[in-house]
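Trainee: I have a new model to look through and would love to talk over the words people use for it. Could you help me see what stands behind each label?
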Amino acid sequence: MTTMALEITGVADAATVGGALSSSGAVAPAAAAESAVLGTYKRAPVTFVRGQGVELFDERGRAFLDFTSGIAVNALGYADPGVEAVMREALETGMLHVSNLYATEPGERLARFLVEHAPFASKAFFCNSGAEANEAAFKFARRWARSTPDASPAKHEIVALRGAFHGRTMGVLAATDRPGYRIPFRPLAGGVSIVERDIEALAAVLSPETTAAVIAEPVQGEGGVRVLDPGFLRELRALTRERGAALVLDEIQCGLGRTGYFLAHERAGIEPDMVTLAKPLAGGLPMGAVLLAPHVAAAVRPGDHGTTFGGGPFVASVALHVVERLADPALLKRVRENGEWLGEELTAMAARTGRVRAVRGTGLMWGIDTNAPAGEVVANALDARLLVCSAGDHTVRLLPPLTITREQLKLGVAILEEVLQ
Ligand SMILES: Cc1ncc(COP(=O)(O)O)c(C=O)c1O
């Protein structure tokens, strides 16, 4: 089975890749010395040195089929020629960074593109990561909620949903529903509560006097790949409007084409007040963004928030190219078609193996509840040269690049089936 990934690639030349690297001496084997990188991640026993398309290559030249895309970052795969060309072009300006005290053309063009492709939005705020985007959205929500002369000073509560993941910095950690991530760092930021994914439970909590915003992922990623029903999203939109709370949609993992729609909430036909983006936005460079509806944007004043690096000209040039590609209707159609096919294949595979309890997902974002611990399946898949990640103790998550071919998807499912068997 380990040869399967090699067979389809046609690019994995183990001898050449491994030989070149070892003769240059540039890459030390992963296990040679204890890592000096802080152990916040339990890392897999592999060191990658090169990427191409849907594959990563280790220092021995072995190809791994990547069904994680750097956890939904590498939507266009590795070594994309378009992304590389834009980077070269952007370098020629000599401006890697320009302070946010000044405007640059790439930042302006990127913001314009994003708001033109998000009909609810009139402004974009740029930052450097998903957590930062959500932190900013919380601040903007509170600013907006108390912006009218008659607003209650107590209108500051943020409500997140059961199973949510909104990041790990101190503010948004309070909106992340994973005990293991929260408990060691208590006390968490106040004014944030977690409520069941149920419209009646939300209706019982949301108050025009105290609730500033509800934040929700249209597809919960870390929480086990749970697709929020479009009907539920519509009810949530109506309820938040009725109670005077902002609806913030965290599309950091599920946005920008992953579900087969440029923005995941388009499927529900709703207009949120804010959307947060990050992961695939700048093709692998760190970038986050908040898209704001006009009424929220109008409440934000100079000095309310800031960032040194956010939206710099280099990263914005790359992001503009990436979002132009990810908004392409042909790509989005392919994601929807491949997603439907993948869902059917995974369901059939689940029935054949008898080792799967549930298959959930949409577009190219799928979760498989396995009888075995997900960590075990992830490790065995790595041995079989397939990269998958977990989303909770018993959910294996698939997030392949959006450019993946049907053949490559087929191969991944075949490897996964063998692993599960
Ligand atoms: C839905 C969601 N929100 C927020 C974040 C945090 O993003 P970052 O790791 O860039 O801070 C993530 C990361 O996995 C995410 O999936």
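Trainee: Why does E222 count as buried or exposed?

Mentor: Good place to start, and keep in mind that this is a predicted model. E222 has a relative accessibility of 14%, and buried means under 20%, so E222 counts as buried. E222 sits in the loop between β8 (219-220) and β9 (226-227).

Trainee: What is E222 in contact with, leaving aside its neighbours within four places in sequence?

Mentor: E222 contacts I71, F165, R178, Y181, Q253, A391, G392 and R397.

Trainee: And H117, what makes it buried, exposed or partly exposed?

Mentor: The relative accessible area of H117 is 30%. Buried needs under 20% and exposed needs over 50%, so H117, with its 30%, is partly exposed. H117 lies in the loop between α5 and β4. Not counting residues up to four places away in sequence, H117 touches F262, L263, E266 and A327. H117 and L263 are 146 residues apart in sequence, yet their C-alpha atoms are 8.6 Å apart in space.

Trainee: How do you know that the span of helix α5 agrees with its number of residues?

Mentor: Helix α5 (residues 105-116) has twelve residues, which at 1.5 Å a residue should span 16 Å. Its end C-alpha atoms are 16 Å apart, so the two values agree.

Trainee: Which residues of α5 are buried, and what do they pack against?

Mentor: The buried ones are P106, G107, L110, A111, F113, L114 and V115. They pack against β4 (123-127), β11 (274-277), β12 (288-292) and α12 (313-326).

Trainee: Now the helix pairs. How are α13 and α15 oriented, and why?

Mentor: The axes of α13 (residues 329-353) and α15 (residues 406-420) come within 11 Å and cross at roughly 20 degrees. Angles under 35 degrees count as roughly parallel, so α13 is roughly parallel to α15. The crossing of α13 with α15 is right-handed. Residues making this contact include W341, L342 and L346 of α13 and L409, V413 and L416 of α15. By type, the contact residues divide into eight nonpolar, two polar and six charged.

Trainee: What is α14 called relative to α15, and why?

Mentor: Helix α14 (residues 374-383) packs with α15 at about 120 degrees, with the axes 9 Å apart. Roughly perpendicular covers 65 to 115 degrees and roughly antiparallel starts over 145, so α14 is oblique to α15. Here V377, N380 and A381 in α14 meet L416, V419 and L420 in α15. These residues divide into five nonpolar, one polar and no charged.

Methods
Residues are numbered from 1 along each chain as its sequence is written. This is a predicted model: local features need pLDDT of at least 70, side-chain atom pairs count only at pLDDT 80 or more; totals for chains, interfaces and linings use all residues. Side-chain values use heavy atoms; hydrogens and water are left out. Axes are lines fitted to C-alpha atoms, for helices over the stretch in contact, and angles run from 0 to 180 degrees between N-to-C directions. Helices (H or I, at least four residues) and strands (E, at least two) are DSSP runs, numbered from the N terminus. A crossing is left-handed if the near helix is turned anticlockwise from the far one by less than a right angle, and right-handed if clockwise. Contact means heavy atoms within 4.5 Å. Ala, Val, Leu, Ile, Met, Phe, Trp, Tyr, Cys and Pro count as nonpolar, Asp, Glu, Lys and Arg as charged, and the others, Gly among them, as polar. Buried means under 20% relative accessible area, exposed over 50%, partly exposed in between (1.4 Å probe, protein chains only). The expected span of a helix is 1.5 Å times one less than its number of residues.
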